[in-house]
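Here is a set of short exercises to work through with the structure open beside you. Try each task on your own before reading its solution.

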Amino acid sequence: DHVANQIAAGEVVQRPASVVKELLENSIDAGASQIKLLVKDAGRTLVQVIDNGKGMSTTDARLSFERHATSKINSADDLFALNTKGFRGEALASIAAVAHVELKTKTEGEEVGTQIEIEGSVIKSQEVCATLQGTSIAVKNLFFNIPARRNFLKSDSVELRHIIDEFQRVALAHESIAFMLYHNDSELFNLPIANKRQRIVGVFGPKTNEKLVPVTEETEIVDIDGFIVKPEFSKKTKGEQFFFVNDRFIKHPYLNHSVSAAFDGLLPDRARASYFIYLKVDPKSIDINIHPTKTEVKFEDEHAIYTLLRAAVKHSLGQFNI
Ligand code: ADP
Ligand code: MG
């Protein structure tokens, strides 16, 4: 019911950037190779994601707004071997509870697509429409029915920063997908399909290229891949710290410490190490279900990964005579 939807929405949808994250992840799960993000007024008036993924049938489109309607989990076992980003089936229901949502979608086999409008969990219209294969979800007037939430939002520059952070995290984790981001009709990012180094450079600018040193290590329990930023470029800034586990951005202070430990003595005073580290582990050996926004992960072999990561970073630093 509507009240339950609104309460749950509070957990999933904290600000426009939460909508961005959920919609981008759905597009990735749908197998899109191109994802466009359109934002107006730092997401207050519009967050729209357009993808060329597999789309939804009319029935699935209708179901997608129901709480716990996920097409991604079939059994309890699946919960422990997650290959998709979504699995709770509450993002769209939560977003639709607190915004005006317009969905347009079409599968490959269908002649015409489906268009659904929903406002505060109430379906306003459902029609057939002409559209390309894929899905467009426009989220307008976020928190129109929760003034307290709306007033709690920060300045446009802060909200836009959060949106860009989410966009960058997702784009860095999926270099084989093309991403675009527009804000108020100006293009902020246009990232073609790339390799990891090209994607990092695409996100942070051409000067980044010479700063990157590769890190790679394959072991029984973890595959490590990615780049560290040469310490000479870390000048009293907070730097950029990115960890990805199985293509998902995570925050992990303990592993962060592992990389810092490898840099010990090499960084300028008060500078922090910068890095883009991609870890691959058996999905069964991690627990990502500890928070609805899913940026925290628990590893089975935390200590071993710490040690392996520190060694791998040290090895790269040595290899490049740093
Ligand atoms: P979850 O991602 O946890 O399954 P969501 O509420 O985010 O839950 O989405 C509900 C369902 O809607 C998904 O399981 C999927 O079947 C469908 N869906 C959502 N977004 C898309 C999309 N961009 N393309 C295709 N299907 C989608
Ligand atoms: Mg989802």
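Two strands pair if DSSP finds at least two bridges between them. Keep that in mind for the hairpins and sheets below, and remember that this is a predicted model.

**Exercise 1. Judge the model as a whole.**

Task: Find how confident the predictor is, and decide whether the overall dimensions suit a globular protein of this length.

Solution:
- Step 1. Begin with confidence: the average pLDDT of the protein is 91, and 90% of the residues score at least 70. The model scores are ipTM 0.99 and pTM 0.93.
- Step 2. Count the elements: there are nine helices and 15 strands. The radius of gyration is 21 Å, close to the 20 Å of the globule rule for 322 residues, so the protein is as compact as a globular protein of that length.
- Step 3. Add the box: along the principal axes, the C-alpha atoms fill roughly 65 × 45 × 40 Å.
- Step 4. Look at burial and contacts. Of the 322 residues, 38% count as buried. Among contacts between residues at least 6 apart in sequence, 67% join residues at least 24 apart.

**Exercise 2. Trace the sheet of eight strands.**

Task: Write down the strand order of the open sheet of eight strands and name its edge strands.

Solution:
- Step 1. The order is β5-β4-β3-β6-β2-β1-β7-β8, and the pairing is mixed.
- Step 2. β5 and β8 (186–191) are the edge strands, each pairing on one side only. On average, neighbouring strands here are turned by 10° against each other, direction ignored.
- Step 3. Check a pair inside the order: β2 (residues 46–51) and β6 (residues 134–140) are antiparallel over six bridges. Here L46 has K140 in β6 as its bridge partner.
- Step 4. Move to the β5 edge. β4 (residues 113–119) and β5 are antiparallel over seven bridges, and I118 has I123 in β5 as its bridge partner. The hairpin of β4 and β5 has two residues between the strands, and G120 takes a positive phi near 55°.
- Step 5. How many of the eight residues of β5 (residues 122–129) are buried? The count is zero, so to speak of coverage, this strand is hardly covered.

**Exercise 3. Trace the sheet of five strands.**

Task: Work out the order of the five strands, then explain why one side of each edge strand lacks a neighbour in the sheet.

Solution:
- Step 1. This open sheet has the order β9-β10-β13-β11-β12, with mixed pairing.
- Step 2. β9 (212–218) and β12 stand at the edges with a single partner strand each, so one side of each is left without a neighbour in the sheet. Neighbouring strands are turned by 20° against each other on average, direction ignored.
- Step 3. See what makes the pairing mixed. β11 and β13 run parallel, joined by five bridges, with F242 opposite F276 in β13. β10 (residues 223–229) and β13 are antiparallel over six bridges, and D225 has Y278 in β13 as its bridge partner.
- Step 4. Finish at β12 (residues 248–250), which runs antiparallel to β11 and is joined to β11 by three bridges. F243 has I250 in β12 as its bridge partner. In the hairpin of β11 and β12, with two residues between the strands, N246 takes a positive phi near 45°.
- Step 5. Ask about cover: four of the five residues of β11 are buried, and this strand is mostly covered.

**Exercise 4. Find the two sides of a helix.**

Task: Which residues of α8 (residues 253–262) are buried, and what covers them?

Solution:
- Step 1. The buried residues are L255, S258, V259 and A262. Their arc around the axis is only 90°, which puts them on the same side of α8.
- Step 2. On the other side of α8, P253 and Y254 are exposed.
- Step 3. The cover over the buried residues includes β11 (241–245), β13 (275–280) and α9 (302–319).

**Exercise 5. Place one lysine.**

Task: Is K36 buried, exposed or partly exposed?

Solution:
- Step 1. Locate K36 in strand β1 (residues 34–40).
- Step 2. Count neighbours: 19 other C-beta atoms lie within 10 Å, and a residue is buried only at 20 or more, so K36 is partly exposed.
- Step 3. Leaving out residues up to four places away in sequence, K36 touches I50 and M180. K36 and H183 are 147 residues apart in sequence, yet 11 Å apart in space, C-alpha to C-alpha.

Note on methods
Residues numbered from 1 in each chain as written. Chains lettered and ligands numbered in written order. Predicted model: local features only at pLDDT ≥ 70, side-chain atom pairs only at ≥ 80, totals over all residues. Buried ≥ 20, exposed ≤ 12 C-beta atoms within 10 Å, placed from the backbone. Arc of directions from axis to C-beta. Contact = placed C-beta atoms within 7 Å. Rg over C-alpha atoms; globule rule 2.2 N^0.38 Å. Axes fitted to C-alpha atoms, helices over the stretch in contact; angles between N-to-C directions. pLDDT = per-residue confidence, 0-100.
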